[in-house]
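Me: I would like to learn how to read the features of a model such as this one, taking them one at a time. Please give me the general idea in each case before you turn to the example.

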Amino acid sequence: MLQPLVDSASAVFDSTFIELDKLANRFELLVSSSKKTKKGISESGLSKIRPDMVRSLTSLGTYAYALGIVLDEGVIENSPFWLNWIEIDADGIIQDDSNIRYPWRGNFYEYPNAEWMITPKTHQRPAIVGPYVDFDKHIITLATPIIVQEQFLGVSAADIRLSDFERIVAVPLSRITHECLLCNHEGRVVVSNTANAPVGSLNHTYLEAGQPVSSTGWRAILLE
């Protein structure tokens, strides 16, 4: 009964992580090549990753609407922060996103302290975070660590709109006649078809119930 719902949710996350792994591997090669030159790691050299970013975002279709590379502090000399990020708009146009477009945004958002950066850095494994509010929308962020010669450099990451995720799982969820929900790795309800498990509510007993969604820590649960 739960399998179609699990498969739909898993497809979103698994496909996104596959592309993030490809992007991380390509970036690791760029960094390794840059280290062999006299100039070392430079912003111009690392900007060559953008075509790969475009290919990954395009291949993800309706799953992710934004992705990119976010480096840890001090990776590039004389540039404490470095972010190469793209978004696809409603017309299918891919554009760069930065604090230049929203100058005030960077004053309040320090990405080195974000959970999607801290978890890959601390545990050197992929992370899925959210849903949470970012700027003007609820999103889910997936991130894969970038590691070169055992040094953590940053992450390849992607954002999924919660509204897009809800649409993807809506059909299999609607076909389940029992009370059902999807919860994240914290036990917070993300999608539900019952008032007995309202979206946004937190229940740690959900962490041991139901069926796992891929290897994300999320779970699909039928209520008794």
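Me: Let me begin with a single residue: is Ser10 buried or exposed?

Reply: Burial is read from relative accessible area, where buried means under 20%, exposed over 50% and partly exposed in between, with a 1.4 Å probe and protein chains only. Ser10 has a relative accessible area of 9% and is therefore buried. Ser10 is found in helix 1, helices (H or I, at least four residues) and strands (E, at least two) being DSSP runs numbered from the N terminus. Leaving aside residues up to four places away in sequence, Ser10 touches Ser15, Val213 and Ser214, a contact being heavy atoms within 4.5 Å.

Me: What should I keep in mind about the origin of these values?

Reply: This is a predicted model, in which local features need pLDDT of at least 70 and side-chain atom pairs count only at pLDDT 80 or more, while totals for chains, interfaces and linings use all residues. Residues are numbered from 1 along each chain as its sequence is written, and side-chain values use heavy atoms, with hydrogens and water left out.

Me: Which elements of the chain have the lowest and the highest mean pLDDT?

Reply: pLDDT is the predictor's confidence in each residue, from 0 to 100. The mean for the chain is 88, and 88% of its residues reach 70 or more. Among the elements, helix 2 (residues 43-46) has the lowest mean, 70, and strand 10 (residues 218-222) the highest, 97. Over residues 99-105 pLDDT stays under 50, and for this stretch the model has 11 contacts beyond four places in sequence.

Me: In what order do the six strands of the open sheet lie?

Reply: Strands of a sheet pair through backbone hydrogen bonds, either parallel or antiparallel; two strands count as paired here if DSSP finds at least two bridges between them. The order is 3-2-1-6-5-4, and the pairing is antiparallel. Strand 3 (94-96) and strand 4 are the edge strands, each pairing on one side only. Six bridges join strand 1 to strand 2 (residues 82-88), where Leu83 is the bridge partner of Val70. Strand 1 is also joined to strand 6 by six bridges, and there Asp159 in strand 6 is the partner of Ala66. Between strand 5 and strand 6 there are 10 bridges, and these two strands form a hairpin with two residues between them, Gln149 in the turn having a positive phi of about 50 degrees.

Me: Why is strand 6 described as largely enclosed by the rest of the structure?

Reply: Nine of its 11 residues are buried, so strand 6 is largely enclosed. Helix 4 lies across strand 1, strand 4, strand 5 and strand 6. In helix 4 (residues 115-123), Trp116, Met117, Thr119 and Pro120 are buried, and their cover includes strand 1 (66-71), strand 4 (127-134), strand 5 (137-148) and strand 6 (151-161).

Me: Which residues touch the most other members of the largest nonpolar core?

Reply: A nonpolar core is a set of buried Ala, Val, Leu, Ile, Met, Phe, Trp, Tyr and Cys residues joined through side-chain atoms within 4.5 Å. Of the 46 residues in the largest one, Leu5, Phe13, Phe27, Ile140, Phe165 and Leu182 touch the most other members. Helix 1 (residues 3-35) gives the most to this core, with 12 residues. Apart from this core lies another, of 15 residues, among them Tyr65, Tyr111, Ala143 and Val155.

Definitions and conventions
Axes are lines fitted to C-alpha atoms, for helices over the stretch in contact, and angles run from 0 to 180 degrees between N-to-C directions.
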